[in-house]
Amino acid sequence: MEKIQLDYPALHTVPRRAHVGVVGSGDLEVLLEPSPDGQAHVLVNTSVEGFGAAWKNVLDRFFARFQGAASIEINDFGATPGTVMLRLEQAAEATRT
Amino acid sequence: MNADAAPEVAEHRDYRRFLERHSFIEMSARERTRAVLDPGSFRELLGPFDRIKSPWLPLQGIVAQADDGVVLARGTLNGEPALVAAIESAYQGGSMGEVSGAKIAGALELACRDCEQGRPVLPVLLLETGGVRLQEANLGLAAIAEIHAAIVALRRHVPVVGVVAGMVGCFGGMSLAAALCSHLLVTRQARLGMNGPEVIEQEAGIVELDAADRALIWSLIGGDQRRAVGLADELLEDDAGAIAAAVRGAFARGAPALERSAQIEHYRERLASIDPQQPLDGEMLRTLWNEGTAP
């Protein structure tokens, strides 16, 4: 098990919180909430160790487009980068609807 | 294919009906809970953002889920106050840990208190679990015992309705919780038993039971078989609408004349009718334990 923490600048606030996914094999859970300090913060708890660079790449790409001031907690059970990106997009979508 | 021929038209209609079905099995625990309750009435208790998770799994290097794999919601069924507890089978096999077990037991106890104070709450358990979470051992077992006690206490006031939809099924201590329910609804895909087939094969060998033989497993512990021998009350299609309607139907029928767990003599006689020296299969058990013999 490994914890990864990353911070990103943000341009706009997030209207509401959203929860998607499940901590099941090859999947992950995303808890996305408005961040109180105008910045974005990500905490990843993952069952697979040694993929810090891959996590940073996926999150860099997500925040290049998302730009919301969100506190995101990810509980991961071996999801592939593609699945991680889909779940993040799904959570972002859920805050807008 | 000739769509004009009568048999094919019927087949075509079945195909349409199949497409119109909304699979309950494929839903997450949260989606199942919403599907059972009246539309718009879902109000989650101790949801993921409350972050009441297992304190034990991270100590063993396992990532914990924010709701510990149990969704609790209050809402209504045909306008009557209801409580739904659903187990998420994709997280740790739907296993019951200290927190997930306490969530269900606590919610049932509070529902019982509401009933005692003259405010009936209709309890529904959506069971999809391998039983106790081995990493939390005795704490999970203790919570399961509390769930059993809470079901028995609640049954004095309102029927307790259980649903086993599949594909995990319901095993271990939680199979006893299923058996304690006033009405137990199953699909053909459901399985219900104390020890799971994989556990039996691991402990007693493949000669005793081949856990990979799906036809054999379902002929012994599948939903259809459990219904046929009277250990489940209703066999349903894997359709969210049908299951939601059947849950309402079960409450409308009210409490059974005699709860399954109160029929001690009946089940003793059933066990006595089995000769352990003779090989027994699902079909023979159906003949032997014909549901028509239930009081």
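**Exercise 1. Count the residues that chain A and chain B each bring to their contact.**

Solution. Chain A supplies 16 residues and chain B 13. Contact here requires C-beta atoms, placed from the backbone, within 7 Å. The model is predicted: local features need pLDDT of at least 70, side-chain atom pairs count only at pLDDT 80 or more, and totals for chains, interfaces and linings use all residues. Residues are numbered from 1 along each chain as its sequence is written, with chains lettered from A and ligands numbered from 1 in the order in which they are written.

**Exercise 2. Break down the side of chain A that touches chain B by strand.**

Solution. Start with the strands (DSSP E runs of at least two residues, numbered from the N terminus). Strand 4 (28–34), strand 5 (39–46) and strand 6 (68–76) of chain A each give at least two residues. Strand 4 of chain A has the largest share, 3 residues.

**Exercise 3. Describe the largest nonpolar core.**

Solution. A nonpolar core joins buried Ala, Val, Leu, Ile, Met, Phe, Trp, Tyr and Cys residues through C-beta atoms within 7 Å. Buried means 20 or more other C-beta atoms within 10 Å of the residue's own. The largest core holds 70 residues, and Ile243(B) and Val247(B) have the most contacts inside it. Next, beyond its neighbours within four places in sequence, Ile243(B) touches residues including Phe24(B), Val163(B) and Leu236(B). A second, separate core has 33 residues, among them Val22(A) and Phe66(A).

**Exercise 4. Find where confidence is lowest and highest in chain A.**

Solution. pLDDT is the predictor's confidence in each residue, from 0 to 100. Chain A averages 96. Strand 2 (residues 12–13) of chain A is lowest, at a mean of 95, and strand 4 of chain A highest, at 98.

Technical notes
Two residues are in contact if their C-beta atoms, placed from the backbone, lie within 7 Å. Helices (H or I, at least four residues) and strands (E, at least two) are DSSP runs, numbered from the N terminus. A residue is buried if 20 or more other C-beta atoms lie within 10 Å of its own, exposed if 12 or fewer, and partly exposed in between; C-beta atoms are placed from the backbone.
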